[in-house]
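Here's a small set of exercises to work through with the coordinates open. Try each task before reading its solution.

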Amino acid sequence: MAAPWWKSAVIYQIYPRSFADSAPRSDGVAVGDLEGIRRRLDHLVWLGVDALWLSPVYRSPMADFGYDVSDHCDIDPLFGTLDDFDRLLADAHDRGLRVILDWVPNHTSDRHPWFVESRSSRDDPRRHWYVWRDPAPGGGPPNNWRAAFADVPAWTFDEATGQYYLHLFLPEQPDLNWGEPGVVEAMHDVLRFWLDRGVDGFRADVVHAIGKDPALPDDSPEAALLPKSSTNDHHSTHALLRDIRALLDGYPGDRMMVGEVYLLDTAQVATYYGAGDELHLAFNFPPLYTPWDAALWRQRLDEVDRHVTPVGGWPTWVLSNHDNPRHRTRYGSEARARAAAVLLLTLRGTPFLYAGEELGLEDAEVPPERMVDPGGRDGCRAPIPWEPGPAHGWHGEPWLPWPPDPDRRNAATLGHDDGSIVHLYRRLLSARRVSPALSLGHLEVVPSPDGVLAWAREADGDRRTVAVNFTETEQTLTLDGSWEVELSSDGGAGVAWPGRLGPDQAVVLRPA
Ligand code: NOJ
């Protein structure tokens with residue numbers, strides 16, 4: 001049986017506010033929209049990705065820029081309409097691109113009609129759709145759980161009904177109670193709504209958090225120093241995920257769910273694959289937080305091998321997203337960002353690209369008066385520069401400042417430069433597509449000197465070796481057999497493998 005599409009796919013994350021806009025707005029502030037994305041689909045086809053993931057485009061008061069949903073089955077007017085969505089989906093499918101949507105199951109907006117009803121009275125039929133508790137015996141929040149973003153309790157007191165409600169994120173994002181059958185049914189209906197419309201799957205936001213200990217016990221003092229959203233790991237989530245999986249698998253066409261399992265321990269993440277009956281894919285973030293260091297990356301590979309592979313899970317790899325500084329910024333140079341692209345796109349598993357990393361974008365420097373995100377994540381959400389100045393392909397001054405050097409670092413200018421980083425991404429994507437070894441093959445780490453990580457990939461007799469020099473000095477690497485450079489992070493290709501790697505250089509080798 002052929003592998004499902006999502007195993008060999010490269011998935012491209014779009015943060016819709018920052019990708020592309022389609023028309024000027026009356027307030028003059030440029031914000032990306034669905035039509036803007038549709039008009040830029042050819043960039044994704046040219047690049048060679050297989051699928052796009054849209055961060056939330058649902059109706060939202062935007063307290064968390066869309067991760068606070070007030071209507072799961074409509075598009076926020078900022079982004080367009082359901083018709084715009086259908087057009088985008090159809091055009092993406094026509095081009096062979098799959099589309100996955102963000103699904104936010106752990107919480108809604110406090111303006112969602114469900115929560116408005118729930119907070120209206122203790123007797124409301126939807127009261128228990130959210131997590132309400134009396135104050136602790138001496139007063140104050142019911143337990144010591146902490147919210148994300150700010151060091152505050154995960155509970156907000158509601159004067160009118162005299163109880164606290166739980167929110168692992170902002171007070172504007174009350175947590176749903178997945179112990180309530182009505183919630184399960186309603187959120188399943190949301191999945192069906194979009195699956196019926198033809199989406200290829202979902203990225204499920206903080207999905208490890210949906211099942212909670214119904215006793216809501218205090219965390220240990222050490223655990224209580226961390227946001228609860230990064231530690232909640234209750235067994236009840238697994239049964240919920242099995243039902244969600246059955247729902248998705250009941251549809252034709254390999255619908256897929258990749259879960260954001262924000263537990264920074266690969267062993268814990270691996271449990272969310274279940275026995276092949278929970279998440280199709282799970283994000284594993286420890287690599288994203290790993291510095292540019294060969295020995296540490298070797299450990300990350302080993303952890304995946306030790307925990308994900310034995311449960312039959314297919315790994316995922318992410319270096320950048322809308323919640324963290326871009327890896328170009330973290331690693332500090334374009335040479336490293338290029339070598340990291342080789343790493344990301346040649347490991348065993350499904351890689352996720354974050355829009356703009358193919359341009360080598362750095363985070364924007366956002367002056368205090370332009371900061372808007374409660375979680376301090378504005379820098380990585382800067383708009384994509386499409387063209388040289390002044391508007392960079394947008395219809396006004398965008399909602400966030402440009403990333404550095406947009407006159408040079410934009411899609412059009414780099415697209416005309418064969419040696420630029422966007423061409424490296426394009427070559428890597430095309431090399432993956434034609435090589436069963438790179439897309440689906442087995443991976444084995446091969447011996448290499450300190451500071452270098454090298455691995456062999458193999459499938460159906462197809463073979464590649466990849467080597468990454470994490471140091472700033474030249475390194476020698478001796479390999480069995482004779483190899484030629486299929487591509488190199490510095491642009492070289494087609495030469496016999498010289499047995500040496502330059503500083504921060506990565507190569508993909510094929511048998512000579
Ligand atoms: C994780 C999302 O990636 C992040 O952007 C969001 O703020 C939280 N979940 C809450 O939904």
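A polar contact here is a pair of N or O atoms within 3.5 Å. Keep in mind that you're looking at a predicted model.

**Exercise 1. The ligand**

Task: Find which side chains put a polar atom close to an oxygen atom of the ligand, and work out how much of the ligand's area the protein buries.

Solution:
- Start with the surroundings: 13 residues surround the ligand, and the closest are Asp 64, His 107, Asp 205, His 322 and Asp 323.
- Take His 322: one of its polar side-chain atoms sits 2.9 Å from a ligand oxygen, so the pair falls within the 3.5 Å cut-off.
- Go on to His 107, where a side-chain N or O atom is 2.9 Å from an oxygen atom of the ligand.
- For Asp 323, the corresponding distance to a ligand oxygen is 2.5 Å.
- Finish with the area: the ligand exposes 290 Å² when taken alone, and the protein buries 98% of that.

**Exercise 2. Backbone oddities**

Task: Locate the cis peptide bond, then look up two non-glycine residues with positive phi and decide whether each is buried, partly exposed or exposed.

Solution:
- Scan omega: the bond from Gly 389 to Pro 390 is cis, with omega near -5°.
- Place Pro 390: this residue belongs to the loop between strand S14 (350–354) and strand S15 (397–398).
- Stay in that loop between S14 and S15, since His 392 is found there too. Phi of His 392 is near 55°, a positive value.
- Check the accessibility of His 392: at 4%, this residue is buried because the limit is under 20%.
- Now jump to Phe 149, in the loop between strand S7 (132–133) and strand S8 (155–158). Phi of Phe 149 is near 80°, again positive in a residue that isn't glycine.
- With a relative accessible area of 30%, Phe 149 is partly exposed.

**Exercise 3. A three-strand sheet**

Task: Work out the strand order of the open sheet containing S7, and explain why S7 and S8 are edge strands.

Solution:
- Look at the pairing of S7: two bridges join this strand to S9 (residues 163–166), and the two run antiparallel.
- Pick out a bridge: Trp 132 has Tyr 165 in S9 as its partner.
- Write down the order: the open sheet reads S7-S9-S8, with antiparallel pairing.
- Read off the edges: S7 and S8 each have a single partner strand, so one side of each has no neighbour in the sheet.

**Exercise 4. Nonpolar packing**

Task: Describe the largest nonpolar core, then trace the contacts of Phe 202 and Ala 294.

Solution:
- Begin with a rule of thumb: in soluble globular proteins, nonpolar side chains tend to be buried together.
- Size up the core: the largest one has 112 residues, and Phe 19, Trp 103, Trp 178, Trp 194, Phe 202 and Trp 297 have the most contacts inside it.
- Zoom in on Phe 202: leaving out residues up to four places away in sequence, its contacts include Ile 100, Trp 103, Leu 191, Trp 194, Leu 248 and Met 256.
- Apart from the largest core lies another, of 16 residues, among them Ile 11, Trp 53, Phe 285 and Leu 288.
- Now turn to Ala 294, in helix H10 (residues 294–308). Its relative accessibility is 6%, which counts as buried.
- List its contacts: beyond four places in sequence, Ala 294 touches Gly 451, Val 452, Leu 453 and Phe 470.
- Compare sequence with space: Ala 294 and Val 468 are 174 residues apart along the chain, and their C-alpha atoms are separated by 8.2 Å.

Definitions and conventions: Residues are numbered from 1 along each chain as its sequence is written. This is a predicted model: local features need pLDDT of at least 70, side-chain atom pairs count only at pLDDT 80 or more; totals for chains, interfaces and linings use all residues. Side-chain values use heavy atoms; hydrogens and water are left out. Helices (H or I, at least four residues) and strands (E, at least two) are DSSP runs, numbered from the N terminus. Buried means under 20% relative accessible area, exposed over 50%, partly exposed in between (1.4 Å probe, protein chains only). A nonpolar core is a set of buried Ala, Val, Leu, Ile, Met, Phe, Trp, Tyr and Cys residues joined through side-chain atoms within 4.5 Å. Contact means heavy atoms within 4.5 Å. A residue is near a molecule or strand if one of its heavy atoms lies within 4 Å of it. A polar contact is a pair of N or O atoms within 3.5 Å; within protein, one must be able to donate a hydrogen and the other to accept it, and residues adjacent in sequence count only if both atoms are side-chain atoms. Accessible areas come from the Shrake-Rupley method with a 1.4 Å probe; for residues, only the protein chains shown count as cover. Two strands pair if DSSP finds at least two bridges between them.
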